[in-house]
Number of protein chains: 2
Amino acid sequence: MRRSLFLLLLALPTALLAAQGPAPERPPQEDRWITLGTRGGPIASPIRSQPANLLLNGGRAYLIDAGDGTAGQLAKAGVPANRIQAVFVSHLHFDHTAGLAGLLGLRWQTNAPNRLRIYGPPGTAALVDGLLASMVPGTTAGYGVPGTPQADPRGQVEVTELRDGATVALDGMTIRARSNSHYSFAPGSDLAARYQSLSLRFDLPGRSIVYTGDTGPSAAVEALARGADLLVAEMMDVEDTIAKVRLASPDLDPRAAAGMEAHLRNHHLLPGDVGRLAAQAGVGAVVVTHFVGAETGSPAHLAYLREIAEHYDGPVVIANDLEGF
Amino acid sequence: MRRSLFLLLLALPTALLAAQGPAPERPPQEDRWITLGTRGGPIASPIRSQPANLLLNGGRAYLIDAGDGTAGQLAKAGVPANRIQAVFVSHLHFDHTAGLAGLLGLRWQTNAPNRLRIYGPPGTAALVDGLLASMVPGTTAGYGVPGTPQADPRGQVEVTELRDGATVALDGMTIRARSNSHYSFAPGSDLAARYQSLSLRFDLPGRSIVYTGDTGPSAAVEALARGADLLVAEMMDVEDTIAKVRLASPDLDPRAAAGMEAHLRNHHLLPGDVGRLAAQAGVGAVVVTHFVGAETGSPAHLAYLREIAEHYDGPVVIANDLEGF
């Protein structure tokens with residue numbers, strides 16, 4: 001019934017439009033992907049918030065990654081934190097997860113009526129357990145009014161860990177997870193068994209959306225993205241990033257610096273990689289997020305689009321925060 | 001030497017100015033209080049970030065409270081997270097603490113060279129222990145490059161809990177903490193022994209600044225603020241807030257709703273309370289932050305200033321995010 005009401009509301013502008021001229025070719029879009037934060041971390045940006053995305057579908061709201069600042073970005077999108085049904089975490093780098101502390105805390109402080117489902121890769125349960133442990137002093141002191149009943153925050157969250165190939169059916173959506181190439185642990189090693197970075201596909205009633213999360217080129221991600229209507233892809237200017245890391249951490253241990261450079265070069269998508277992935281998977285459009293590189297106004301920014309277009313001839317947008325697709 | 005360089009840099013604009021006309025009456029301000037986030041939580045705002053403040057003194061940078069979004073607000077203020085020397089937490093409500101997860105995580109990801117000192121009320125150690133536990137999966141997986149040395153995040157932070165009357169000497173500043181009236185646990189009770197909400201006074205070489213944190217009217221805070229150059233005070237329109245809480249949580253347990261209303265009425269400063277505190281403590285100026293009420297453009301906003309002015313005739317600013325004082 002809530003869904004019928006929502007569809008009715010969606011139909012209203014169509015009816016008004018139809019009264020003024022020919023009907024639009026497609027029905028109005030029932031779902032929407034909103035980029036809350038479009039900057040890849042870990043160095044915070046003054047103009048883009050940390051990685052976070054909002055998926056609206058059938059009147060329900062979901063987060064896909066939740067970096068620091070997610071609560072404020074949600075407010076800017078007009079969605080209270082208490083309306084979020086579920087969070088999908090792609091991997092456990094803190095630029096993608098730091099907003100969970102605020103989400104859990106602010107929901108607790110406002111007595112969120114529904115239980116938040118958190119889906120994420122192996123390690124997500126331990127992440128959330130730590131956050132819940134961090135909340136104990138705050139929830140025990142509460143609002144400082146003796147005798148006020150207080151919810152146990154452990155009852156306000158439910159974690160499901162996803163591994164490569166996992167499928168989730170939720171509210172009429174099907175979500176599929178594939179392990180990608182953001183980590184390169186030796187196959188069969190303990191770390192490979194324990195940790196995965198995920199790309200996620202959301203098959204909605206009206207559309208399919210694939211979110212790469214953080215990944216290098218990956219056959220698994222290409223298979224996951226095959227035929228998707230929308231590819232939401234990370235993109236990094238690796239040269240530019242290495243220069244910035246060196247500037248930010250001049251005294252970095254040389255082995256750690258070499259490890260970080262190897263990480264950046266092998267575990268992220270360059271503009272050409274985004275174009276090849278989009279072309280080979282045959283997606284309908286590309287939205288670039290988790291963007292790390294030169295901003296609009298720099299010639300390099302246009303060059304990124306040119307490099308993508310060398311491989312892919314569909315529509316491409318390098319998204320800003322709070323844009324909807 | 002770093003300090004001398006900073007003073008030299010500060011002196012440069014003065015020298016340039018002096019070449020163009022009479023010297024300014026005062027030496028340039030060596031310290032600055034920057035409001036990073038000026039909205040009291042827990043309901044996030046689209047135009048104000050969650051509570052956080054940046055104190056610059058002698059070339060060093062400190063945070064006073066760190067709500068969700070602190071990393072991004074720091075970037076807007078031009079201060080990398082790695083430059084923060086210490087965080088002072090006033091109390092453990094999550095709108096004041098949720099940004100710590102990002103701060104610790106992003107500093108770990110960028111190999112922060114210095115150890116972050118965190119000062120806060122009783123419970124702060126357990127809060128930080130939980131956050132460090134939440135980081136274990138992320139730091140164990142690291143950047144996914146086998147063989148890269150990784151710092152133990154537990155070595156990157158040092159917690160000091162402060163109780164009523166505590167004094168800290170740090171980098172030429174003296175910081176004093178007083179327990180305020182944001183909590184009203186029965187004196188002698190277990191909760192009163194375990195939890196305190198703090199107001200903080202920063203005596204800098206050039207200036208004294210008192211931060212109320214969250215508090216109701218309090219003789220201890222008035223004593224702490226006596227003669228301060230700057231009073232940074234919370235302020236809440238309680239009627240307006242209760243209406244918003246009811247709207248956000250219509251199905252709230254009636255006892256929890258009554259507890260929250262008691263909390264709001266007794267544990268926060270109304271505009272008149274701010275004016276009385278400023279007048280009785282004889283402060284030099286008032287900056288209002290942790291603001292909850294009608295924004296500029298509403299007649300109620302001007303009324304807040306009028307209510308303060310009924311008691312206090314010094315300068316008053318209701319601060320926006322990223323303003324410096």
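**Close-up 1. Salt bridges across the predicted model.** In this predicted model, the count of salt bridges comes to 32 over all chains. Side chains of opposite charge can pair when their charged atoms come close. One of the places to look is in chain A, where E239(A), R246(A), E261(A) and R265(A) are linked in a network of salt bridges.

**Close-up 2. A salt bridge within helix α11 of chain A.** The side chains of D273(A) and R276(A) form a salt bridge, with an N to O distance of 3.0 Å, and both residues belong to helix α11 (residues 271–281), where they sit 3 residues apart, about one turn of the helix. D273(A) counts as buried, because its relative accessibility is 15%, whereas R276(A), at 36%, counts as partly exposed.

**Close-up 3. A salt bridge within helix α10 of chain B.** Here E261(B) and R265(B) meet through their side chains at 3.2 Å, N to O, and they are about one helical turn apart because 4 residues separate them in helix α10 (residues 254–267). E261(B) is partly exposed at 22% relative accessibility, and R265(B) is also partly exposed, with a relative accessible area of 40%.

**Close-up 4. V87(B) in the largest nonpolar core.** This core has 56 residues, and V87(A) and V87(B) are the members that touch the most others. Beyond its neighbours within four places in sequence, V87(B) is in contact with several residues of chain B, including L63(B), A66(B), L100(B), L103(B) and Y119(B). Another core, of 26 residues, lies apart from this one, and among its members are L55(B), A86(B), L204(B) and Y211(B).

How values were computed:
Residues numbered from 1 in each chain as written. Chains lettered and ligands numbered in written order. Predicted model: local features only at pLDDT ≥ 70, side-chain atom pairs only at ≥ 80, totals over all residues. Heavy atoms only, no water. Core = buried A, V, L, I, M, F, W, Y, C linked by side-chain atoms within 4.5 Å. Buried < 20%, exposed > 50% of the residue type's maximum accessible area, 1.4 Å probe, protein only. Contact = heavy atoms within 4.5 Å. Salt bridge = Lys/Arg side-chain N within 4 Å of Asp/Glu carboxyl O. Helix = DSSP H or I, 4+ residues; strand = E, 2+ residues; numbered from the N terminus.
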